[in-house]
Amino acid sequence: AGFIGSNIVAALNDHGRRDVVVCDHLGSDGKWLNLRKRIVQDIVPPGELLDWLEDRTDIEAVIHMGANSSTLASDGDEIMESNFRFSLKLLDWCTERQVKFIYASSAATYGDGDEGFDDDIGLPYLQTLRPLNLYGWSKHLFDQVVATRLEAGQKLPPVCAGLKFFNVFGPNEHHKGPMMSLVSKYFPAIKRGETIDLFKSYKPEYRDGEQLRDFVYVHDITDVILWLLDGYTGTQLFNLGSGHARSFIDLVGSIFDSLGLERKIRFVEMPEAMRPRYQYFTQADSARLHAAGYNKPGTPLEEAVEHFVKTYLNTTDSFR
C-alpha cells in the first residue's frame with residue numbers, strides 16, 4: 001500500500017490482473033487512499049503473512065517492496081527484522097515453492113558512489129560497496145545473501161530479481177512525509193508562488209543546485225516489473241533509474257515550468273551533519289537491464305514531471 005507498491009497494484013489492475021493480495025500496515029496516515037481506486041482480494045498484515053502463505057498453492061509471484069525505507073532510521077534491530085530477516089523468510093518460501101520473487105534493493109547500497117553504480121551481482125564487486133546509512137546496509141546484506149546462494153549453486157526462485165531503485169517520484173507519496181520526493185514535497189509551495197530552497201554545494205566541481213541525481217518516474221518502474229513478470233527468468237540485480245543524471249535545478253525548475261510560473265529558487269546552507277554523507281552524483285547503469293531484453297525507453301525528466309503535475313498533483317484527486 002506504500003508508494004511504489006500501490007503503483008504496482010495500479011499497473012497490475014490496469015493490465016487486467018485483479019488477483020492481487022496486498023501485505024501492509026495501513027496505519028492512520030491515510031495510506032489506504034493509495035488503494036482506493038484498486039481491486040485487491042485481501043489485505044494481510046505483515047505479521048500474519050507467513051501463516052497466510054503457509055498452505056497456498058496459487059501464488060504466481062511475490063513482489064516484495066516492504067521495508068522501513070527511511071534513510072534516517074537508526075534502530076538497527078528494527079531494521080534488521082523488517083528489512084533483512086523478513087526478506088530472508090520470503091526468499092526461502094519462494095525458493096521452496098519455486099515462486100517468482102521480485103524484491104526492492106536500493107541505490108543506497110552504492111554508498112558515496114566511488115565504486116560506481118554497477119548492478120553486478122558478483123560477490124567480489126558487492127563486497128567493495130560501503131552503504132552510508134542503516135537502510136542501505138540492510139538492503140546490501142540481503143543482496144549479498146542472494147549472491148552467496150547464486151555463487152554456491154544453491155536453489156533459488158525461477159525469477160529472483162533485486163531492483164536497485166534510484167530517486168523515484170510519482171503519485172501516492174503523500175503518506176511518506178519528509179521522505180517524499182522533492183516534486184511531491186515542493187509542488188504545493190511552488191503553486192502558492194513561494195521561493196524554493198536548495199542546498200549549496202560544498203564541492204568546487206558542482207555549482208549550487210547542480211548536484212546530480214538519477215530521477216526516475218514511478219510509471220517507468222512499474223513497466224519494468226510487469227516485464228519481469230511476463231517471461232523473464234534468472235537471478236540478477238537491476239538498476240532502475242532513468243540512466244541520466246540531472247540537477248536539482250532541472251527537477252525543481254520543471255515543476256515551475258509545468259505550472260507556467262517563473263522559477264524562484266534560492267540556495268541555503270546544508271546542515272553540517274549531512275555534509276560528510278551527501279551524494280553529489282548518482283546515475284543508473286542500465287546495461288544489464290537492456291541486455292536482459294528490456295528496451296522500453298524511460299520518460300524524460302521534463303515530460304515525467306509535467307505528467308505528474310498535470311495528471312495528479314494539480315488536480316482534485318492526486319492518487320493513481
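In the predicted model described here, V305 has its place in helix α10, which comprises residues 301-313. The relative accessible area of V305 is 0%, and the residue therefore counts as buried, the limit for this class being under 20%. Leaving aside residues up to four places away in sequence, V305 touches F169, V183, L251, S254, I255 and S258. One of these contacts, S258, is 47 residues apart from V305 in sequence, while the C-alpha atoms of the two residues are 7.4 Å apart in space.

The sheet considered next is open and is formed by 4 strands in the order β3-β4-β5-β10, with parallel pairing. Its edge strands are β3, residues 61-64, and β10, residues 234-240, each of which pairs on one side only. On average, and with direction ignored, neighbouring strands of this sheet are turned by 10° against each other. Helix α3, made up of residues 76-97, packs on the sheet and touches β3, β4 (100-104) and β5, and the direction of α3 makes about 165° with that of β3. In general, the strands of a sheet pair through backbone hydrogen bonds, in either a parallel or an antiparallel manner.

At one edge of the sheet, β3 and β4 are paired in the parallel sense over 4 bridges, and within this pairing I63 stands opposite I102 in β4. In a regular strand, side chains alternate between the two faces of the sheet. For β3, the covered face holds V62 and H64, whereas A61 and I63 belong to the uncovered one. At the other edge strand, β10, the partner is β5 (residues 159-165), and 7 bridges join these two strands, which run parallel. Here F165 stands opposite L240 in β10.

Helix α2, which spans residues 46-53, has P46, L49 and L53 among its buried residues. These three residues cover an arc of only 10° around the axis, which puts them on the same side of α2. G47 and D51, by contrast, are exposed on the other side of the helix. The packing partners of the buried residues of α2 are β1 (21-23), β2 (42-44) and α3; the last of these, α3, is also the helix that packs on the sheet described above.

Empty space within the model was examined as well, since rolling a probe the size of a water molecule over the atoms shows where such space is left. The structure holds 1 cavity of 30 Å³ or more, and the volume of the largest cavity is about 30 Å³. Its lining consists of H64, N83, S87, Y103, A104, S138, K139 and F142. At least two residues of this lining are supplied by each of α3, β4 and α5 (134-151), and the largest share, 3 residues, comes from α5. H64, which is part of the lining of this cavity, also lies on the covered face of β3.

The second largest pocket has a volume of about 320 Å³. A total of 21 residues line this pocket, and of these G241, S242, P297, G298 and T299 lie nearest its centre. The elements β9 (215-217), α7 (218-229) and α9 (287-291) each supply at least two residues of the lining, with α7 giving the most, 4 residues.

Two residues also call for comment on their backbone angles. Most residues other than glycine have a negative phi. Q98, although not a glycine, has a positive phi of about 55°, and this residue is found in the loop between α3 and β4. Because its relative accessibility is 36%, Q98 counts as partly exposed. N172 likewise is not a glycine and has a positive phi, in this case of about 75°. The place of N172 is in the loop between β6 (167-169) and α6 (182-191), and, with a relative accessibility of 0%, N172 counts as buried.

Terms used:
Residues are numbered from 1 along each chain as its sequence is written. This is a predicted model: local features need pLDDT of at least 70, side-chain atom pairs count only at pLDDT 80 or more; totals for chains, interfaces and linings use all residues. Side-chain values use heavy atoms; hydrogens and water are left out. Two strands pair if DSSP finds at least two bridges between them. Axes are lines fitted to C-alpha atoms, for helices over the stretch in contact, and angles run from 0 to 180 degrees between N-to-C directions. Contact means heavy atoms within 4.5 Å. Buried means under 20% relative accessible area, exposed over 50%, partly exposed in between (1.4 Å probe, protein chains only). The arc is that of the directions from the helix axis to the C-beta atoms. On a 1 Å grid over the protein atoms alone, a cavity is a set of points where a 1.4 Å probe fits but cannot get out, and a pocket is an open set with protein on both sides within 12 Å along at least five of seven lines; lining residues have an atom within 4 Å of a point. Grid points are joined across faces, edges and corners, and a volume is the space filled by probe spheres set on the points.
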